[in-house]
Amino acid sequence: MALARSEPDGVLQERTGPSTGPLRGTLATTACMETLQVGYLHAVAAAAGCSLSQPFPDNGIDWHVSHGAPEHVVDDEVTVKVQLKATYQIPPHPTGATFGFTLDNEHLVKLARTPVAVHKILVVMLVPRERDQWIGAGHDRLDLRHCCYWTNLAGHPVTGRRRTTVRIPTARIFDDRALCEIMTRVGSGGTP
C-alpha cells in the first residue's frame, strides 16, 4: 500500500510500497460512482444555465433540473426530473445505435408513466472500472470519464419478470447543449 505524505508545496508525494496509486478512501465503489455522476450533472447544469434541486426524500427521482428563459411558452421556468444511474459494466464508446441498461421494474414504472405534469429522463453514466481512471486534471481542464447518455422512457413497457432492459441511444450524449435542447422542447410544450 502506498502512503502519501504532505510536502511543503502542498503536493502529495507517494511513499514506496506495493501499490502505485494514491491512498484512496474505503467508500464503496457504487457510492463513489454516485458522487461522480452528481459531479457530472452539476457541471452540465452549470454550463447550461440551469438550477438544481434535490427532492427530499427522493422517492425514486434524484434531481430536479430547472431552466428559466423568457422564450419558454408554457412557463418562464421549466423543470425536468432526472434519475441518475452509473455502471462500469458497459465499455466506453458503445458500438451500435444503442446499449442495454437494466432497471428494476418498479423504477421503470415510475420513469415510464404517462401522462406527466413534469417530464422525467434517465441519465446513465459509463465509468471506467478503476477509480484512478475516472478523472484527469490539467492546468486547463478537468476530464470526467467516460460519458453520460440520456433517454426519455415515457410509455416504455415492462417486459421482464423483476427487471427490464431498456435501450439507451448512443447519439444522446448528455452535455450542456443536449440539456438546453431538452429544456427548449419542454418549454415549448413538448417532450424531452
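Mentor: Helices and strands here are DSSP runs, a helix having at least four residues and a strand at least two, numbered from the N terminus. Please keep in mind that the model is predicted.

Trainee: Which pattern does the protein follow along the sequence?

Mentor: The order of elements is β-β-α-β-β-β-β-α-β-β-β-β-β-α. In total there are 3 helices and 11 strands. The C-alpha trace spans about 60 × 45 × 35 Å along its principal axes.

Trainee: What share of the 192 residues counts as buried, and how are the contacts distributed along the sequence?

Mentor: A residue is called buried when its relative accessible area is under 20%. By that criterion, 35% of the 192 residues are buried. Among contacts between residues at least 6 apart in sequence, 59% join residues at least 24 apart.

Trainee: How should one check the length of a helix such as H1?

Mentor: The expected span is 1.5 Å times one less than the number of residues. For H1, with 20 residues, this gives 28 Å, and the end C-alpha atoms are 29 Å apart, which agrees. Helix H3, residues 176–187, can be treated likewise: its 12 residues should span 16 Å, and its end C-alpha atoms are 16 Å apart, again in agreement.

Trainee: Which residues of H1 are buried, and what follows the helix?

Mentor: The buried residues of H1 are Cys32, Met33, Leu36, Gln37, Tyr40, Leu41, Val44, Ala45 and Ala48. After H1 comes Gly49, with a positive phi near 75 degrees.

Trainee: What do the buried residues of H3 pack against?

Mentor: Ala178, Leu179, Ile182, Met183, Val186 and Gly187 are the buried residues of H3. They pack against H1, strand E4 (63–68), E5, strand E7 (120–126) and strand E10 (147–151). At the start of H3, a side-chain oxygen of Asp175 comes to within 3.3 Å of the backbone nitrogen of Arg177. H3 is followed by Gly189, whose phi is positive, near 95 degrees.

Trainee: Which residues line the largest pocket nearest its centre?

Mentor: A lining residue is one that has an atom within 4 Å of a pocket point. The largest pocket holds about 560 Å³ of space. Its lining comprises 24 residues, and Glu34, Leu84, Lys85, Ala86 and Phe101 lie nearest the centre. By class, the lining has 9 nonpolar, 9 polar and 6 charged residues.

Trainee: Which element supplies the largest share of that lining?

Mentor: H1 does, with 6 residues. Helix H1 (29–48), strand E5 (77–87) and strand E6 (98–104) each contribute at least two residues to the lining.

Trainee: Is His107 buried or exposed, and what does His107 touch?

Mentor: His107 belongs to helix H2, residues 105–112. It counts as buried because its relative accessibility is 17%. Not counting residues up to four places away in sequence, His107 touches Gly60, Gln83 and Lys85. A polar atom of the His107 side chain lies 3.0 Å from the backbone oxygen of Gly60.

Trainee: How should the surroundings of Arg163 be read, and which residues is Arg163 in contact with?

Mentor: One begins with accessibility, then turns to contacts. Arg163, in strand E11 (residues 163–169), counts as partly exposed because its relative accessibility is 46%. Leaving aside neighbours within four places in sequence, Arg163 is in contact with Thr102, Leu103, Asp104 and Asn105. The side chain of Arg163 reaches the backbone oxygen of Thr102 at 3.2 Å and makes a polar contact of 3.1 Å with the side chain of Asp104. Although Arg163 and Asn105 are 58 residues apart along the chain, their C-alpha atoms are separated by 4.9 Å.

Trainee: Where are the cis peptide bonds that involve Pro57 and Pro115?

Mentor: The omega angle is the quantity to inspect. The bond from Phe56 to Pro57 is cis, with omega near -5 degrees; Pro57 lies in the loop between strand E3 (51–53) and E4. Another cis bond joins Thr114 and Pro115, with omega about -10 degrees, and Pro115 lies in the loop between H2 and E7.

Trainee: What are the phi values of Asn59 and His93?

Mentor: Phi of Asn59 is positive, near 50 degrees, in a residue other than glycine. Asn59 lies in the loop between E3 and E4 and counts as exposed, at 59% relative accessibility. His93, also not a glycine, has a positive phi of about 55 degrees. This histidine is placed in the loop between E5 and E6, and its 69% relative accessibility makes it exposed.

Terms used. Residues are numbered from 1 along each chain as its sequence is written. This is a predicted model: local features need pLDDT of at least 70, side-chain atom pairs count only at pLDDT 80 or more; totals for chains, interfaces and linings use all residues. Side-chain values use heavy atoms; hydrogens and water are left out. On a 1 Å grid over the protein atoms alone, a cavity is a set of points where a 1.4 Å probe fits but cannot get out, and a pocket is an open set with protein on both sides within 12 Å along at least five of seven lines; lining residues have an atom within 4 Å of a point. Grid points are joined across faces, edges and corners, and a volume is the space filled by probe spheres set on the points. Ala, Val, Leu, Ile, Met, Phe, Trp, Tyr, Cys and Pro count as nonpolar, Asp, Glu, Lys and Arg as charged, and the others, Gly among them, as polar. Buried means under 20% relative accessible area, exposed over 50%, partly exposed in between (1.4 Å probe, protein chains only). Contact means heavy atoms within 4.5 Å. A polar contact is a pair of N or O atoms within 3.5 Å; within protein, one must be able to donate a hydrogen and the other to accept it, and residues adjacent in sequence count only if both atoms are side-chain atoms.
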